[in-house]
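Colleague: I'd like to learn how to read a model like this one, feature by feature. Could you walk me through it?

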Amino acid sequence: MVGPMLLAASMHPGFVSFLLAVATGGVPTTPAPIAARLDVAAVVDRVQKRYDSALDFRARFNQTLTNAAFKRKTSLTGEVLLKKPGRM
């Protein structure tokens with residue numbers, strides 16, 4: 001498990017909301033107000049518990065990379081599959 005402080009340093013607040021939604025089985029449609037957001041340690045704990053109870057996982061994603069030096073964007077799509085124990 002990644003330490004909460006290391007995780008906190010690299011997370012965007014919107015991503016924290018997304019992780020919380022994944023941990024609770026929903027997908028956020030809008031970011032939560034600042035007062036309603038949980039701290040990173042609580043989010044990490046919920047995500048870890050959700051991961052520990054899952055037997056398999058499948059997710060599709062879209063990613064856009066921006067190269068500021070060349071003013072170029074690259075779009076990628078992919079799929080992640082995980083089947084426990086010990087298979088990716």
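Colleague: Let's begin at Pro85. Where does Pro85 lie relative to β2?

Modeller: Pro85 lies in the segment after β2. Keep in mind that this is a predicted model. Look at the peptide bond there: Lys84 and Pro85 are joined in cis, with omega at about 5°.

Colleague: Lys84 again, then. Which ring does the charged end of Lys84 sit over?

Modeller: To read that kind of contact, you check that the Lys NZ is within 6 Å of the ring centre and within 35 degrees of the ring normal. Here the ring belongs to Tyr51, and the charged end of Lys84 is 4.1 Å from its centre. Tyr51 is found in helix α3. Along the chain the two residues are 33 apart, and their C-alpha atoms are separated by 9.9 Å.

Colleague: Is Tyr51 buried, exposed or partly exposed?

Modeller: The middle class runs from 20% to 50% relative accessible area. Tyr51 counts as partly exposed because its relative accessible area is 40%.

Colleague: And aromatic rings with each other? How many aromatic pairs does the count come to?

Modeller: The general idea is that a pair of aromatic rings is described by the distance of the centres and the angle of the planes. In this model the count comes to zero aromatic pairs.

Colleague: Let me step back to the overall layout. What pattern does the chain follow along the sequence?

Modeller: Reading along the sequence gives α-α-α-β-β, that is, three helices and two strands. As for burial, buried residues make up 11% of the 88 residues in the chain.

Colleague: In which sense do β1 and β2 pair?

Modeller: For strands, you ask which way they run and how many bridges hold the pairing. β1 and β2 pair in the antiparallel sense, over twelve bridges. One position to look at is Asn67, which stands opposite Arg72 in β2. The two strands form a hairpin with four residues between them.

Colleague: Which residue in the turn has a positive phi?

Modeller: That's Lys71, with a phi of about 50°. Note that Lys71 is not a glycine. Lys71 is found in the loop between β1 and β2, and it counts as exposed because its relative accessibility is 76%.

Colleague: Now salt bridges. How many salt bridges does the count come to?

Modeller: You look for a side-chain nitrogen of Lys or Arg within 4 Å of a carboxyl oxygen of Asp or Glu. The count comes to four salt bridges. Start with Lys49 and Asp45, whose side chains meet at 3.2 Å, N to O. Both are in helix α3 (residues 40–53), and because they are four residues apart, they are separated by about one helical turn. Lys49 is exposed at 54%, whereas Asp45 is partly exposed at 36%.

Colleague: Which salt bridges link distant parts of the chain?

Modeller: One of them is the salt bridge between Asp56 and Lys83, 3.9 Å from N to O. Asp56 is in strand β1 (residues 56–67) and Lys83 in strand β2, 27 residues apart. Asp56 is partly exposed, with 48% relative accessibility, and Lys83 is also partly exposed, at 42%.

Another is Glu79 with Arg58, at 2.4 Å, N to O. This pair links strand β2, where Glu79 sits, to strand β1, where Arg58 sits, and the two are 21 residues apart. Glu79 is partly exposed at 36%, while Arg58 is exposed at 56%. Salt bridges with shared partners join Arg58, Arg60 and Glu79 into one network.

Colleague: Last one, the nonpolar side of things. Which residues make the nonpolar surface patch?

Modeller: For a patch, you look for nonpolar side chains that have over 30% relative accessible area and lie within 5 Å of one another. Here Phe57, Phe61 and Val80 make a patch of about 240 Å². Val80 has its place in strand β2 (residues 72–83). Val80 passes the over-30% test because its relative accessible area is 35%, which makes it partly exposed.

Technical notes
Residues numbered from 1 in each chain as written. Predicted model: local features only at pLDDT ≥ 70, side-chain atom pairs only at ≥ 80, totals over all residues. Heavy atoms only, no water. Patch = residues over 30% accessible without salt bridge, like charges linked within 9 Å, V, L, I, M, F, W, Y side chains within 5 Å. Areas by Shrake-Rupley, 256 points an atom, 1.4 Å probe, with all protein chains shown as cover. Buried < 20%, exposed > 50% of the residue type's maximum accessible area, 1.4 Å probe, protein only. Phe/Tyr/Trp six-rings, centres within 6.5 Å; stacked < 30°, edge-to-face > 60°. Pairing = 2+ DSSP bridges.
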